[in-house]
Amino acid sequence: MTERGHIPESRQREKPRADLQWIGKSMKRVEDPRLLVGKGIYADDINEPEMAHAAVLRSPHAHARIVSIDVSKAQELPGVLCAMTGADAAKVCDPLPTWASPPVLQAVIADDRVRHVGEAVAAVAAVDRYIAEDACDLIEVEYEPLPPVVDPEEALTSTGDAVLHPERGDTNIGLERKLTFGPVEEDFAAADLVIERRIRWPRSGGQPLETVGAVASFDDGAGRFTIQCNTSMYNYCGWMIASTLRVAPHKLNIVPTLAGGSFGSKMFVHKVPVLAAVLARAVGRPVKFMEDRIDNTTSCDNHASDRVYYAKLALKRDGTLLSLKTRIIDDYGAYLQFGVGQHGNALSQCVGPYRINSVEVDLAAVLTNKCQQGAYRGFGSEVANFVIERLVDAAADELGIDRIALRRQNFIQPDQFPYLIPTGNMYDSGNYQAVLDETLKLADLEGWRAKQAEARKEGRYIGIGVATCQERSVFSATEFWMWNLEPGVEWTSSPDGVSVKIDPTGKAFVTLHSPFWGNSPETVAAQVLAEQLTIDPADIEITYSDTDQGLNSTGPGGSRFTVMVTGAIVGAAGKIREKLLRIAAHLMEADVRDLTLQDGAVHVKGVLDMKMSIAELADKAHYYRLSMPEDLDLTSGLDATYVYDHPVTTLPDPDERHMGIFYPIMGHSCHIPVVEVDVETGQVHFLHYAAVHDCGTMVNPMTLEGHIRGGTVNGIGTALFEEFSYDEAGQLTTALWTDYLIPTIKESPADIVVGHVETPSPFTEYGVKGGGEGGRMGGPPAIAAAIEDALKPLGVTIDSLPLPPSKLRALIRDAQARAA
Amino acid sequence: MKPARFRYLRAASVNDALQALAENPDAQILAGGQSLIAMMNLRLVKPACLIDINRISNIGYIDEDGDGVAIGALARHNDVKHSPLIRERCPLLTEAYESIAHHTVRNRGTLGGNLCHADPSSETPAVMVATGATLMLQSLRGQREVGAEDFFLGTYETARRQDEMLTEIRLPGRRTDGWAFAEISNRHGDFAIAVIATTLRIEDGRCEAARVVASGVGEHAARLEPAEEALIGGPIDDARLDAAAAAAAGAVDPHSDSHADAAYRRDAIAALTRRTVRRAAARCD
């Protein structure tokens, strides 16, 4: 035990190996055939007999009291089954789930007060969506406007009518705390230089083509809900929906549908399923509620981090990094669904890949009249990456040290892993020099430096950025509550389960207890089970459980899935393999220790032709138990379940000297974009882009590269275009995709050259690490650095995103004016 | 995002459509629907009646018209974009189409519908004004011609009367030698933040005629006459480019929105003026 905590023993069973058959192969996706031809069943594809359709009347005000609401005209419209107000909903429904402590109360339909534009004010169920929307137009609401709180720094001092949740006190600060890890003051006192920056990270969010949707029904006889929904934490905390609906958890079955391109946006959806369920119970018919785009952008569960950083990096004249201090104001919007879990997350890798001795984080989570925050690719850690990388670049410039050299100088070295950072989180393994070297090779840095010099002579502005970023994976539940003064929920487990069955003919069935959410869960499961049982992935069928059948499973999120399902399958397959060997030992009259499973059959070691296939053994296991000798532990059938616990996690120190190990499976990446900036128009063009990721042992390089490339374009969106932008009145001016600008292929590099380094985790099965958050973790700081490098002759500093042409041109205009 | 209730009429002929327009003063014509349907789904517009002209045969033509081109009301963007006749006789329009919308939108959207919609940041009105196109408007009362400069009156506002249908767009033959189109949008294919369409005639090294037309920076596409005046009367040299760019920026009074502020639009107009004039002049050689 040290100041930073202790490192438990590894529970790894399967070592990384070179002779793997399926893991590491770019196998085509199991999901693709049905999805690519449009045969996947998504929430909106579900139609039940007598199904009604819901629409929601949304607040046009950012902040107002609801003086009166009259749904009578809507109620009278032919085809309308129910028009429900917040007061009606409150009679049958408790507040929505929250991890905040003390809770921030949130109703599925606002009752006395609206707190952001787009908040639900009334809901209608009708025979079709058209009529439901017509009915919304007939609802009369009288509002008494309250002062809108839009600027996060102004929210720090709100009082009176500007306070969103007066029951929590006369303040809009949801939570304010300072955490100190290590000798921060001593380190700052010892510093030769302190770099200070105000950094602004913009509010964006996941943009799934498929919005959140649910089809709910209520069986009056059984007193039981069934909700089909594209949610993903349903087996972990789906029961919370039941408590909101005031039924016992076993009176609610959540059936997952395919979920399109979530990137976190469907991590634990709460408003949509609750709304559909409340209406279904009220009208006695199944109800479908599918968010439309404006429903989603104005009132989804998942706007993302919206932060102001006042950051200080202390260092020695020789470039040694010492300590990091940040004051953070995070604009959480009107509610706190995950508490300030995004800042638990950010503590996992806030020092980047560098040896930094101490850290202070002074956080104010403010409540404003905007949509709530939730999960989005990075969950807050991508912001920490941006901040540390901008500070390191600034430090290098200030010291006159090459930006790459300063990084190399401060990297945690390969022989220092596993490494505890000041916050207590562990970096399980890594080789940052190797990733950087590989990226430099792919990027042709020297060649581009020469081209940059040539271009400058012609008055063209080419820039090269380098970012070396952490890519933590496999969160444990402590991240949701570690910041809370009174923890409230204090979960320590965040496991994932799987069920595996071999049928009498030898075919394998895997039941996942997490949903499909746009990634490749079936492909991963098939590859790992094929590896474990030495069978063909084509002989494996993958299905998804509902909550009635479901095992404890946290679900995808925080780049967990591949690591966790691999662990679960290794556990379940181990049980099956053991049984196969035991049956084979009986049937071939051999000693179990002499048997081995390979090529889909159990062989007697060293005896050619002494073998039984899995199909033969499965047949015996299912139907011929009595043909085997007496063996009290041997039962018919061939199946196993396994709940795999987090591979390595510890609890926070009671005195909060550290927060324990909570996000330890540490990937790493280096991004090197080359851009050209048109200084007259502020437009940015990518000339080249190289990205190398180290996600440990790769399960499927093809799908991983998809994450890297797609994530990089995602990062381009954050860096250059995307913003949920609220004006002074609290109106969301970018609620439509004509205004919220997602980059297309035309705004992307012609190619993103991808490379890999594999540093296997010593803690996970086969050494796999997560890589789902991909390029978005490293793209934004790299792109900002490249733009800054391009504009170095003008002296432009980049500390705020996004940088669409107008904003970048404004920085250039200011710099030109300063120079003139 | 469902439209409010509306009546739907399908016209079998132009006369049919004109009849329906005369009988339904609250009607809108549905051509490609790429703007109208989206606005209806947002309930930004709630027309009581739609007159669908998509089944009318023979109004999607792109034909020779003297030394110019006549384009029918239902010619789809992609047909115009890929027309060899347009490329030969109105290459400015062909060049503009490199910046207009996306393939699937251009498959359905029509040039005529786009002009009648008169979005202030649309590209095609700038081309119409720069080339001096004529728009043919027809109603049961008869037919009239309106020059492009007189057609665009304001945001979503044109000289087309409620009972009129735009039946044909007439592009003149090339009266000037140089042409260039340039646009800035945040993403390729988006509505423009700023557009400049330029046409030039240079004789003996002297700029004799110029049109510099802006879009995206006012209520409708419009000529920037101070910029044109700065170009005419001498060679297109750096001094004239600077003067034209500055004059162009001074001639617009742009708005700010979430895509760009006014200062940016002004900078963009200056940059685009310089670039299009330079390119147009080079094409005169």
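How far is the sulfur of Cys300(A) from the closest cysteine sulfur, and in which residue does that sulfur lie? The distance is 4.3 Å, and the partner is Cys371(A). That is too far for a bond. The model here is predicted, so read each value as computed from it.

Stay with the cysteines for a moment. A disulfide is a covalent bond between the sulfur atoms of two cysteines. To count as one here, the two sulfur atoms must be within 2.5 Å. The pair Cys300(A) and Cys371(A) is therefore not a disulfide, because 4.3 Å is beyond that cut-off. Over all chains, the count of disulfides comes to 0. Cys207(B) is likewise in no disulfide. Its nearest cysteine sulfur belongs to Cys284(B), 7.7 Å away. Both Cys300(A) and Cys207(B) are buried: the relative accessibility of Cys300(A) is 1%, and that of Cys207(B) is 0%.

Now turn to charges. Over all chains, the whole structure holds 78 salt bridges. Take one in chain A. Arg29(A) pairs with Asp32(A), and their closest N and O atoms are 2.8 Å apart. Where do Arg29(A) and Asp32(A) sit, buried or exposed? Both are buried.

Chain B offers another case. Glu228(B) and Arg223(B) meet through their side chains in a salt bridge, with 2.8 Å from N to O. Here the two residues fall into separate classes. Glu228(B) is buried, at 3% relative accessibility. Arg223(B) is partly exposed, at 25%. Why is Arg223(B) not called buried? Buried means under 20% relative accessible area, and 25% is over that limit, so Arg223(B) counts as partly exposed.

A further salt bridge in chain B joins Asp242(B) and Arg274(B), at 2.4 Å from N to O. This pair links distant parts of the chain. Asp242(B) belongs to helix 11, residues 238-251, while Arg274(B) belongs to helix 12, residues 262-284. The two residues are 32 residues apart. Asp242(B) is partly exposed, with 41% relative accessibility.

Salt bridges can also join into a network. In chain A, such a network links Glu389(A), Arg390(A), Asp393(A), Asp397(A), Arg403(A), Arg407(A) and Glu788(A). Find these residues in the structure and trace the links between their side chains.

Which residues gather in a patch of negative charge on the surface? They are Asp151(A), Glu154(A), Asp727(A) and Glu728(A). Look at Asp151(A). This residue sits in the loop between strand 6 (140-145) and helix 5 (152-155) of chain A. Its relative accessible area is 34%, which makes Asp151(A) partly exposed. A patch takes residues with over 30% relative accessible area, so Asp151(A) passes that limit at 34%.

Next, the backbone. Two peptide bonds before proline deserve a look. The bond from Phe417(A) to Pro418(A) is cis, with omega near -10°. Pro418(A) lies in the loop between helix 13 (403-410) and strand 16 (419-420) of chain A. The bond from Leu801(A) to Pro802(A) is also cis, with omega near -5°. Pro802(A) is in the loop between helix 21 (779-790) and helix 22 (805-819) of chain A.

Phi angles give two more stops. Phe379(A) has a positive phi of about 50°, although it is not a glycine. This residue is in the loop between strand 15 and helix 12 (381-399) of chain A. Asp599(A), another residue other than glycine, has a positive phi near 50°. Asp599(A) sits in the loop between strand 23 (595-598) and strand 24 (601-604) of chain A. Which of these is buried, and which exposed? Phe379(A) is buried at 6% relative accessibility, whereas Asp599(A) is exposed at 67%.

Last, some distances across the chains. Val366(A) lies in strand 15 of chain A, residues 358-366. At 0% relative accessibility, Val366(A) is buried. Its C-alpha atom is separated by 26 Å from that of Leu741(A), 375 residues apart along the chain. In chain B, Asn186(B) occupies the loop between strand 11 (178-184) and strand 12 (194-203). Asn186(B) is buried too, at 6%. The C-alpha atoms of Asn186(B) and Leu241(B) are 25 Å apart, with their positions 55 residues apart along the chain.

Technical notes
Residues numbered from 1 in each chain as written. Chains lettered and ligands numbered in written order. Predicted model: local features only at pLDDT ≥ 70, side-chain atom pairs only at ≥ 80, totals over all residues. Heavy atoms only, no water. Patch = residues over 30% accessible without salt bridge, like charges linked within 9 Å, V, L, I, M, F, W, Y side chains within 5 Å. Areas by Shrake-Rupley, 256 points an atom, 1.4 Å probe, with all protein chains shown as cover. Salt bridge = Lys/Arg side-chain N within 4 Å of Asp/Glu carboxyl O. Lys, Arg positive; Asp, Glu negative; His and termini not counted. Charge placed at Lys NZ, Arg CZ, Asp CG, Glu CD. Helix = DSSP H or I, 4+ residues; strand = E, 2+ residues; numbered from the N terminus. Buried < 20%, exposed > 50% of the residue type's maximum accessible area, 1.4 Å probe, protein only.
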